[in-house]
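Open the model in your viewer and keep the sequence panel beside it. We will go stop by stop, from the whole chain down to single residues.

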Amino acid sequence: MIKEKIEIVKGDITKIEVDAIVNAANSSLLGGGGVDGAIHRAAGKELLHECRLLHGCKTGEAKITKGYNLPAKFVIHTVGPVWNGGTHNESVLLEKCFSNSLTLAVKNNCRSVAFPAISTGIYRYPFEQATEIAIKTTVEFLKQNNFPEKVIFICFSEEMFNIYKKTLDELL
Ligand code: ADP
């Protein structure tokens with residue numbers, strides 16, 4: 001049941017047609033490198049205008065905007081923890097990114113949500129550990145909530161895709 005609601009896709013999150021894509025933003029919400037830069041480029045400058053009105057976002061929290069020129073209706077901006085050895089509450093903060101993003105998606109009637117691998121780029125979170133948190137937190141959420149109907153994890157490389165598949169098979 002839950003497994004049917006989770007999909008792992010290799011691709012570019014800016015091209016995905018879902019109700020909401022999640023952005024691995026930084027706390028300013030004013031754009032950055034990696035997936036954040038790609039989302040802002042694809043959405044157009046109106047996204048930055050709306051983000052300016054939000055006055056930033058704390059690590060582990062999430063805020064929502066429209067998707068503008070993206071195929072997605074909404075962008076949920078969440079700020080992942082910077083990896084700092086694993087003893088600075090990183091895992092709890094990363095869990096919060098997923099649970100708060102999903103909660104915000106449900107509040108906005110989003111039936112489908114796509115996540116990138118939050119914190120695993122510039123923020124250096126070890127990939128396998130981050131993947132386990134992403135999937136475990138999502139599974140827990142889906143056990144307790146009827147929505148969203150579909151959660152898609154977007155993998156930017158074949159290697160990421162394989163680790164996500166393996167982790168999902170191990171956990172479910
Ligand atoms: P963070 O600062 O949270 O680490 P990054 O943007 O540096 O965020 O990286 C997060 C993940 O997003 C990385 O695993 C990276 O490979 C991936 N990524 C980068 N661009 C895209 C994209 N266009 N679509 C999906 N994933 C992407």
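What radius of gyration would a compact globule of 172 residues have, and what does the chain have? A compact globule with 172 residues would be near 16 Å, and the chain has 15 Å, which agrees. Bear in mind that this is a predicted model.

**Whole chain**

Show the C-alpha trace. Along its principal axes it spans about 40 × 35 × 30 Å. Colour by secondary structure. You should find 6 helices and 6 strands. From the start of the sequence to its end, they follow the pattern α-β-β-α-α-β-β-α-β-α-β-α. Colour by burial next: buried residues make up 43% of the 172 residues. Now consider contacts with a separation of 6 or more: 73% of them join residues 24 or more positions apart.

**The sheet**

Select the strands. The 6 strands form an open sheet, ordered β1-β6-β5-β2-β4-β3, with mixed pairing. Its edge strands are β1 (6–10) and β3 (62–66), each pairing on one side only. Look along the sheet: from one strand to the next, the twist averages 25 degrees.

Strands of a sheet pair through backbone hydrogen bonds, either parallel or antiparallel. This sheet lets you see both senses, starting from β4.

- Select 20–25 and 74–79. These are β2 and β4, which pair in the parallel sense over 6 bridges. Ala20 stands opposite Phe74 in β4.
- Add 62–66. β3 and β4 pair in the antiparallel sense over 5 bridges. Here Lys66 has Phe74 in β4 as its bridge partner.

Stay on β3. Is this edge strand buried or exposed? Of its 5 residues, 4 are buried, so β3 is largely enclosed by the rest of the structure.

**Helix α4**

Select 90–107. This is helix α4, which packs on the sheet and touches β2, β3, β4 and β5 (112–115). The direction of α4 makes about 155 degrees with that of β4. Measure end to end: α4 has 18 residues and reaches 26 Å from its first C-alpha to its last, close to the 26 Å expected at 1.5 Å a residue.

Show side chains on the buried residues of α4. They are Glu90, Leu93, Leu94, Lys96, Cys97, Phe98, Ser101, Leu102, Leu104 and Ala105. What covers them includes β2, β3, β4, β5 and α5. Step just past the helix to Asn109, which takes a positive phi of about 60 degrees.

**The core**

In soluble globular proteins, nonpolar side chains tend to be buried together. Here the largest nonpolar core has 49 residues. Select Ala20, Ile21, Val75, Ile76, Val113, Ala114 and Phe115, the residues with the most contacts inside this core. Then go back to α4, which gives the most to the core, with 7 residues.

Centre on Ile76. Which residues is Ile76 in contact with, leaving aside its neighbours within four places in sequence? They are Ala20, Val22, Asn23, Ala62, Ile64, Ser101, Leu104 and Ala105. Among these, Ser101, Leu104 and Ala105 are buried residues of α4.

**Last stop: Lys143**

Select 127–144. This is helix α5, where Lys143 sits. Is Lys143 buried or exposed? Lys143 is exposed, because 9 other C-beta atoms lie within 10 Å, and a residue counts as exposed at 12 or fewer. Now add Met1 and draw a distance. Lys143 and Met1 are 142 residues apart in sequence, yet 9.6 Å apart in space, C-alpha to C-alpha.

Conventions. Residues are numbered from 1 along each chain as its sequence is written. This is a predicted model: local features need pLDDT of at least 70, side-chain atom pairs count only at pLDDT 80 or more; totals for chains, interfaces and linings use all residues. Helices (H or I, at least four residues) and strands (E, at least two) are DSSP runs, numbered from the N terminus. The radius of gyration is taken over C-alpha atoms; the globule rule is 2.2 Å times the number of residues to the power 0.38. A residue is buried if 20 or more other C-beta atoms lie within 10 Å of its own, exposed if 12 or fewer, and partly exposed in between; C-beta atoms are placed from the backbone. Two residues are in contact if their C-beta atoms, placed from the backbone, lie within 7 Å. Two strands pair if DSSP finds at least two bridges between them. Axes are lines fitted to C-alpha atoms, for helices over the stretch in contact, and angles run from 0 to 180 degrees between N-to-C directions. A nonpolar core is a set of buried Ala, Val, Leu, Ile, Met, Phe, Trp, Tyr and Cys residues joined through C-beta atoms within 7 Å. The expected span of a helix is 1.5 Å times one less than its number of residues.
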